[in-house]
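Work through the exercises below with the sequence and the model open. Try each task before reading its solution.

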Amino acid sequence: MNTPRATPAPASRPAPRLNGATWAGCGALVLWAALGLLSRLAAGLPPLQLTAMAFAVGGGLSLLLVAARGRLGALRQRPLAWMHGVGGLFGYHALYFAALALAPPVEANLLNYLWPLLIVLLAAPVLGLPLGRQRLLGVALGFAGCVVLVGAGASFPPGAVPGFLLALAAALTWASYSVTSRRFSQVPTEAVSGFCLGAALLAGLAHAAFETTILPDARQGLAALLLGLGPVGAAFFLWDAGMKRGDPRLLGTLAYAVPVVSTLLLLLAGEGQPDWRVAASALLVTLGGWIAARAR
């Protein structure tokens, strides 16, 4: 009599890998959480000037590291790759810095953090990836958070509306840049140093054409330096390592804590007033992102 063979149990989902690359990606998230606070510490500098200063620091130092490793050849990329890299980095940060300069920083910062949810939406038409009900639910919660933030009886100065629109434009720019990056997967990480310097040059030219230069004081100069070293510098390289050699599922889920941490840092620095709208909006945006990130 033949003994029936036991049906093997379905393979469990592999546990997230907490290797060095994943920790590197976590470091990028920490640095990005400080982007809003450091931007406010540089308040008073024109947005394009701040963009040029920060990218000059980040691009210059990273280029020295690339040269020390003998990888300057990585800068030889197609013009389309340069347009994508320079345009994405310059466009997002210029819009973000301008948004925080024109609108209440806490609210503008939260609107900017719609970009993870916009990535989910854009992945369907751009990359042909399915959405599904769970991802759409996450997106709906994120947009509900924005409605609570700028609606629900909230009152803002008249000049805040352009700042809010710039924050939304920044979110759309970064989401578009991130989704279309899949088309440039062959571009090595070292090329980012060149893109940063290109963004600095483009921001400097735009600053000379449209803004008046302001000599930074000690606080503004330190903030621009820290921006270039961290959120506008090292974070790009840490994130690339985490996404390529770490666990992208874990990093993608942890990324949705960034808006909460960033908002708390701004509130602790006295850049806004904590109220139920801010708390509810941060919760909805983060919960929506978490739900979207867990969709299969």
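**Exercise 1. Write down the order of secondary structure elements along the sequence, then count them.**

Solution. Read along the sequence, the pattern is α-α-α-α-α-α-α-α-α-α-α-α-α. The count comes to 13 helices and zero strands. Helices (H or I, at least four residues) and strands (E, at least two) are DSSP runs, numbered from the N terminus.

Two notes on the source apply throughout. This is a predicted model, in which local features need pLDDT of at least 70, side-chain atom pairs count only at pLDDT 80 or more, and totals for chains, interfaces and linings use all residues. Residues are numbered from 1 along each chain as its sequence is written, and side-chain values use heavy atoms, with hydrogens and water left out.

**Exercise 2. State what share of the protein is buried, and what share of its contacts is between residues 24 or more positions apart.**

Solution. Start with burial. Buried means under 20% relative accessible area, exposed over 50%, and partly exposed in between (1.4 Å probe, protein chains only). Of the 296 residues, 46% count as buried.

Now the contacts. Contact means heavy atoms within 4.5 Å. Take the contacts with a separation of 6 or more: residues 24 or more positions apart account for 90% of them.

**Exercise 3. Classify the packing of α3 against α4 and list the residues that make the contact.**

Solution. Step one is the geometry. Axes are lines fitted to C-alpha atoms, for helices over the stretch in contact, and angles run from 0 to 180 degrees between N-to-C directions. The α3 and α4 axes are 8 Å apart, at an angle of about 130°.

Step two is the class. Angles under 35 degrees count as roughly parallel, over 145 as roughly antiparallel, 65 to 115 as roughly perpendicular and the rest as oblique. α3 and α4 are therefore oblique to each other.

Step three is the hand. A crossing is left-handed if the near helix is turned anticlockwise from the far one by less than a right angle, and right-handed if clockwise. α3 passes α4 in a right-handed crossing.

Step four is the contact. α3 supplies Pro47, Leu48, Leu50, Thr51 and Phe55. α4 supplies Leu89, Phe90, His93, Ala94, Phe97, Ala98 and Ala101. By class there are ten nonpolar, two polar and no charged residues. Here Ala, Val, Leu, Ile, Met, Phe, Trp, Tyr, Cys and Pro count as nonpolar, Asp, Glu, Lys and Arg as charged, and the others, Gly among them, as polar.

**Exercise 4. Decide whether threonine 51 is buried or exposed, and find its contacts.**

Solution. Threonine 51 lies in helix α3 (residues 47–68). Its relative accessibility is 0%, so it counts as buried. Leave aside neighbours within four places in sequence. Threonine 51 then contacts Phe90, His93, Ala94, Phe97 and Ala203.

**Exercise 5. Find which members of the largest nonpolar core touch the most other members.**

Solution. A nonpolar core is a set of buried Ala, Val, Leu, Ile, Met, Phe, Trp, Tyr and Cys residues joined through side-chain atoms within 4.5 Å. The largest one has 69 residues; Phe55, Leu89, Leu227 and Phe236 touch the most other members. Its largest share, ten residues, comes from α4. Take phenylalanine 55 as a case. Beyond four places in sequence, phenylalanine 55 touches residues including Leu89, His93, Cys196, Val232 and Phe236.

**Exercise 6. Describe how α5 is enclosed, and how it packs on α4 and α8.**

Solution. Eight of the eight residues of α5 are buried, so α5 is largely enclosed by the rest of the structure.

Take α4 next. Helix α4 (residues 79–102) and helix α5 (residues 105–112) pack at about 150°, axes 8 Å apart. They are therefore roughly antiparallel. Tyr92, Tyr96, Ala99 and Leu100 of α4 meet Pro105, Ala108, Asn109 and Asn112 of α5. That contact has six nonpolar, two polar and no charged residues.

Then α8 (residues 160–180). Its axis and that of α5 come within 8 Å and cross at roughly 30°. The two are therefore roughly parallel. The crossing is right-handed. Glu107, Ala108, Leu111 and Asn112 in α5 meet Phe164, Ala167, Leu168, Ala170 and Ala171 in α8.
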